[in-house]
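Good morning, everyone. Please have the sequence and the structure open in front of you. I will start with one strand and work outwards.

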Amino acid sequence: MSERQKEIKDGLDRWRETRGRMADRDCRFETVSSLPVNDLYTPLDLTDFDYMRDLGFPGDYPYTRGVQGNMYRGRLWTMRQFAGFATASDSNRRYKYLLEKGQTGLSVAFDMPTIMGYDSDHPRALGEVGRVGVAIDSLQDMETLFDGIPLDQVSTSMTINAPASIIWCMYIATGEKQGVPSEKLTGTIQNDILKEYIAQKSWIFPPEPSMRLITDIFAYACRHVPKWNTVSISGYHIREAGSTAAQELAFTLADGFAYVEAGIAAGLDVDEFAPRLSFFFNAHIDFFEEIAKYRAARRIWARRMKEKYGAKNPKSWLLRFHTQTAGCSLTAQQPENNIVRTAYEAMGAVLGGTQSLHTNSMDEVLALPTEKAVQIALRTQQILAHETGVANVIDPLAGSYYVEALTSKMEAEAERYFEEIEKRGGVLAAIDQNFFQQEIADAAYHYQRAIDSRQRIQVGVNEFVNPGETVDIEILKIDPQIEKDQVARLQKLRRERDNIRVRETLDALRRACAGTENAIPRILDCVRAYATEGEMIQVMREVFGEYKEKPTF
Amino acid sequence: MSRKIRVLVAKPGLDGHDRGARVIARGLRDAGMEVIYTGLHQTPEQVVEAAIQEDVDVIGLSILSGAHMTLFPRICELLKENNAEDIMVVGGGTIPEDEIKALKEGGWAKELFTPGTPLEKIVEWIQENVRV
């Protein structure tokens, strides 16, 4: 210990003695993830800290301070509100509204039948068409969805996983119709099937063929859609399923490494596909823990990509990420309070260096958001960007004893999980052993218990309750008629298209799936022939089989 | 001594949001009930079949996909067709207030628990209202 450190240690001891005589509030001092935190952090918490090794400069390895050299001084984060409901033309109107209000990128939410690969007239789609997102059955719907929105001028993020290859091909084909070559398209498909098995649970096929479709996408994108983010490796849903911050961090990065390994195993050069991998994190309510999480994520990714996977292109080392504020932190009680929660969460994401951000609307705990609520959510970001001053200085919390100690703590927790996953035989094996699912379920239960026992306060839920409260905010309603209209449009398409060509392209797809040929060109042919999503998925289901979970709780 | 209350916690519909269903299944089990969890993506037919086969007293439906106005009535209808309308149906999820009212008044759900309801409250309600 140096002289200076000894001096600090003495000071700390003296302070602690006085401090020890003061009573603490009766509560647990821990993060929302139940990580205990000290009352004070000092240089003594950073004795192993090395500025150049652990932080460096923004835009420089290991990117702890941010992926761009000038961060928000150069360009603000993309304000990207996730939206989609009812029919393609309803959603198209919402997108145009958002673009008019100053939103800078689109983010498409699909309905459950689309997410699960069923056409709108399938019996399993009954009552679900257009409910939680937009219904897309064929290229025709996709053309309507982006009608009047030039695809060479917006970047579009699409939250689609099991059928990602099909929806992506529909987007590429819509570009073709608009005269936009695929090389010019920018955007993201979520395409993160691993977190579906782990948390979000919208799977169709078993893991192996699902991973093959993903590597087919990697290979096709490098050659034909080079500006596209081929996968958005998502912690968001892991967190929403009830995980802690450290679990979100660890499981998401572990998934990322699994995609990298799959790409390498498929014969691709890591530097060919890794620069197009992107991430998606949650912004939960525990401000500092979240900021530490993002900073740790960048550092871990850069180190592993460089050191373990031998990536040479610095773009392969960058962890670029989208953030969404935590839906699970919002309450149905006193929903207006959700505006405040979301604002704090958004600030955490920005101080953590996010590349794009979705702020939840106050009413999303009750239904899809109304236009008014969406506008407030977007304005929250604009106030953050233009009034608060937080975008003026890059990584302003660096050097905070607490934030740096917490960043290192997050990294250590993640490393502990990586070891455990490796011991279990990797991510796919750990999924099969129910490891992630059980870890998350345990954390979720623990959290709920803490709320119920009032060890943890949630305003308006277990404290500061308004007795006899009735919710009097406007709720967006989806007209049941839209399901009937969507089904009618779909059936009309089935009658009017060239059904011989549809059959031929579907047969070619079946052969590609059964063999080793890249399936993407075959999917594109089906899409161009107006084969429906459900028809293509059915072909794949017959070849690949279906995934079944072991229901545990 | 009366026997344990048997509950089927079910996830009908296509969405995969199972945090609530799993937390509640565990909470009810810890409160001494016998709990069967269906897993995700169940059709109404599968839910009713499981309820009858497992001889449960109550079905708890967890729905976060917005399809509640279709799924609750469909499940009640199927219970009736199978002469099993003595099985009580309750539920939870993101359901707006007026639709909660409509589901209860229509007799399609005995009680609905929205986000933020403490586990204890659900346990108590079931213990008070389910006769075994």
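Let's begin with strand β4 of chain A, residues 155-158. One note before that picture grows: this is a predicted model. Now, is β4(A) covered on its faces or open? Both faces are covered. On one side sit Ser155(A) and Ser157(A). On the other side sit Thr156(A) and Met158(A). These four residues are all buried. Buried here means under 20% relative accessible area.

Next, the neighbours of β4(A). A reminder on sheets in general: strands pair through backbone hydrogen bonds, either parallel or antiparallel. Which way do β3(A) and β4(A) run? They run parallel, and three bridges join them. Strand β3(A) covers residues 106-108. Find Leu106(A): its bridge partner in β4(A) is Thr156(A).

Now look at β5(A), residues 186-189. Four bridges join β4(A) to β5(A), and this pair is parallel too. Thr156(A) appears again: it stands opposite Gly187(A) in β5(A). So much for that group.

Chain A also has an open sheet of five strands. What is the strand order? It reads β1-β10-β9-β8-β7, with parallel pairing. The edges are β1(A), residues 78-79, and β7(A), residues 231-234. Each of those edge strands pairs on one side only. Take the β1(A) edge. Two bridges join β1(A) to β10(A), residues 356-358, and the two strands run parallel. To place that on your screen, find Thr78(A), which stands opposite Ser356(A) in β10(A).

Let's step back to the whole of chain A. How many helices and strands does it have? There are 23 helices and ten strands. Its C-alpha trace spans about 85 × 60 × 45 Å along the principal axes. Is that chain compact or spread out for its length? For 553 residues, a compact globule would have a radius of gyration near 24 Å. Chain A has 24 Å, so the two agree. Of the 553 residues, 61% are buried. Now take the contacts with a separation of 6 or more: 78% of them link residues 24 or more positions apart. The accessible surface of chain A is about 22000 Å². Carbon and sulfur atoms hold 51% of that surface.

On to the rings. Over all chains, the structure holds 32 aromatic pairs. One cluster in chain A is worth finding on screen. Which residues form it? They are Phe257(A), Phe279(A), Phe281(A), Tyr294(A), Trp301(A), Tyr309(A), Phe321(A) and Phe418(A).

Charges meet rings as well. The charged end of Lys306(A) sits over the ring of Trp317(A), 5.2 Å from the ring centre. Arg416(A) lies over the face of Tyr417(A), and here the distance to the ring centre is 5.3 Å.

Now some backbone details in chain A. Where is the cis peptide bond? It joins Tyr61(A) and Pro62(A), with omega about 0 degrees. Pro62(A) lies in the loop between α2(A), residues 51-55, and α3(A), residues 71-74.

Then go to Phe464(A). Its phi is positive, about 55 degrees, although Phe464(A) is not a glycine. You will find Phe464(A) in the loop between α19(A), residues 435-452, and α20(A), residues 481-496. Is Phe464(A) buried or exposed? It is exposed, with a relative accessible area of 53%.

Let's turn to chain B. It has five helices and five strands. In what pattern do they follow each other? Along the sequence, it goes β-α-β-α-β-α-β-α-β-α. The radius of gyration is 13 Å, close to the 14 Å that the globule rule gives for 132 residues, so chain B is as compact as a globular protein of that length. The C-alpha trace of chain B spans about 40 × 35 × 25 Å along its principal axes. Of its 132 residues, 60% count as buried. The accessible surface of chain B is about 5800 Å², and 47% of it belongs to carbon and sulfur atoms.

One last residue: Asn83(B). Its phi is positive, near 50 degrees, and it is a residue other than glycine. Asn83(B) sits in the loop between α3(B), residues 68-81, and β4(B), residues 88-93. Asn83(B) is exposed, with a relative accessible area of 66%.

Thank you. I am happy to take questions.

How values were computed: Residues are numbered from 1 along each chain as its sequence is written. Chains are lettered from A and ligands numbered from 1 in the order in which they are written. This is a predicted model: local features need pLDDT of at least 70, side-chain atom pairs count only at pLDDT 80 or more; totals for chains, interfaces and linings use all residues. Side-chain values use heavy atoms; hydrogens and water are left out. Rings of Phe, Tyr and Trp (its six-membered ring) pair if their centres lie within 6.5 Å; planes under 30 degrees apart count as stacked, over 60 as edge-to-face and the rest as tilted. A charge sits over a ring if NZ of Lys or CZ of Arg is within 6 Å of the ring centre and within 35 degrees of the ring normal. The radius of gyration is taken over C-alpha atoms; the globule rule is 2.2 Å times the number of residues to the power 0.38. Buried means under 20% relative accessible area, exposed over 50%, partly exposed in between (1.4 Å probe, protein chains only). Accessible areas come from the Shrake-Rupley method with a 1.4 Å probe; for residues, only the protein chains shown count as cover. Two strands pair if DSSP finds at least two bridges between them. Contact means heavy atoms within 4.5 Å.
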